[in-house]
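Subject: Structure for you to look over

Hello,

Here is the structure I said I would pass on. My notes follow below it.

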Amino acid sequence: MRPMKLTAVALAATLSLGLAACGGDDADTAAPASSAPMSSAPASSAPAMADGQFGPGCAAVPTDASNPGSFAAMAKVPVATAASGNPVLSTLVTAVKQAGLVDSLNSAQGLTVFAPSNDAFGKLPKADLDKVLADKKMLTDVLTYHVVEGRLGPDQLAGAHKTLQGGEVTVAGSGTEFTVNGNSMVICGNVQTANATVYIVDSVLMPKS
């Protein structure tokens, strides 16, 4: 992937296919002839894929479509603007503004953003958070480490992805359950904005020094 001179952050589309597979036991007695073949799929099934947003954290997002933080409203505006209306992402929005990334993020096309929730920032010691917020270069590196070029749906999410910061994030999981870099869980995924797909995560991702 060619590196992009994009500084971006902030902040979510998976096809809902309930793969419920049916198995059948072989009968000892002859069964009546049937023109339809019997399914031999195993009884176990893969995790269901969600058609739309998924995850326990989505419950905190406003449901009124007229609210700028709702999924419906966020889908109509670029990602930094969308995040500014979402109460779950207010700390992230503050960091994006502090780094001066709003315009570049909003003008970018086709991004995937792993957006730390307010609680994710709350896990950081206050002294560490204040240090990052006070150092624009460090803050920019941290924020752009959360952004990947291209819109990734849940079916494309697992694997290693190069970030705009230059490092890689590694996503594991499938269906509606994913972790990033081993310990940051996607709590609200497949959130659509006008120019990005957002996956809200419960821990801040830190690039390697």
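Which two cysteines form a disulfide, and how far apart are their sulfur atoms? The pair is Cys58 and Cys188, with 2.1 Å between the two sulfur atoms. Please keep in mind throughout that this is a predicted model.

Disulfide

A search of the whole structure finds one disulfide. The link of Cys58 and Cys188 is right-handed, with 100° about the S-S bond. Cys58 belongs to the segment before α1, and Cys188 to strand β6 (residues 184-192), so the pair ties together parts that are 130 residues apart in sequence. A disulfide is a covalent bond between the sulfur atoms of two cysteines. Both ends are out of reach of the surface by the usual cut-off, under 20% relative accessible area for a buried residue: Cys58 is buried at 13%, and Cys188 is buried at 1%.

Strands β5, β6 and β7

Cys188 leads on to the strands, since it lies in β6. Seven of the nine residues of β6 are buried, so the strand is largely enclosed by the rest of the structure. On one side, β6 runs antiparallel to β5, and two bridges join them. One bridge partner to look at is Met185 in β6, which pairs with Thr179. The hairpin of β5 and β6 has three residues between the strands, and Asn181 takes a positive phi near 55° there. β6 is also joined to β7 by four bridges, and these two strands run antiparallel as well. Val191 stands opposite Val198 in β7. The hairpin that joins β6 to β7 passes through three residues.

Aromatic pairs

The structure holds two aromatic pairs. One of them is made by Phe54 and Phe178: the ring centres are 6.2 Å apart and the planes are at 45°, so the pair is tilted. Phe54 lies in the segment before α1 (71-74) and Phe178 in strand β5 (residues 177-180), so this contact ties together parts that are 124 residues apart in sequence. Phe54 is buried, with a relative accessibility of 5%. Phe178 is buried too, at 2%.

The disulfide and this ring pair can be viewed together. Phe54 is in the segment before α1, and Cys58 is in the segment before α1. Their partners are in strands, Phe178 in β5 and Cys188 in β6, and β5 and β6 are joined by two bridges.

Salt bridges

How many salt bridges does a search of the whole structure find? The search finds three.

- Asp202 and Lys123 meet through their side chains at 4.0 Å, N to O. Asp202 lies in the segment after β7 (196-201) and Lys123 in the loop between α5 (118-122) and α6 (126-134), so the pair ties together parts that are 79 residues apart in sequence. Asp202 counts as buried at 19% relative accessibility, whereas Lys123 counts as exposed at 52%.
- Lys126 forms a salt bridge with Asp130, and the closest N and O atoms are 2.7 Å apart. Both residues lie in helix α6, four residues apart, which is about one turn of the helix. Lys126 is exposed, with a relative accessible area of 62%, and Asp130 is partly exposed at 35%.
- Lys137 forms a salt bridge with Asp141, with 3.1 Å between the closest N and O atoms. These two are four residues apart in helix α7 (residues 136-144), so about one helical turn separates them. Lys137 is exposed at 61%, while Asp141 is partly exposed at 27%.

His146

Is His146 buried or exposed? At 1% relative accessibility, His146 counts as buried. The residue sits in the loop between α7 and β2 (147-149). A polar atom of the His146 side chain lies 2.9 Å from the backbone nitrogen of Leu205.

If you open the model with only a few minutes to spare, I would suggest these places to look: the disulfide of Cys58 and Cys188, the tilted pair of Phe54 and Phe178, and the side chain of His146 beside the backbone nitrogen of Leu205.

Regards

Methods: Residues numbered from 1 in each chain as written. Predicted model: local features only at pLDDT ≥ 70, side-chain atom pairs only at ≥ 80, totals over all residues. Heavy atoms only, no water. Phe/Tyr/Trp six-rings, centres within 6.5 Å; stacked < 30°, edge-to-face > 60°. Buried < 20%, exposed > 50% of the residue type's maximum accessible area, 1.4 Å probe, protein only. Disulfide = S-S within 2.5 Å. Polar contact = N/O pair within 3.5 Å; in protein donor to acceptor, adjacent residues only side chain to side chain. Pairing = 2+ DSSP bridges.
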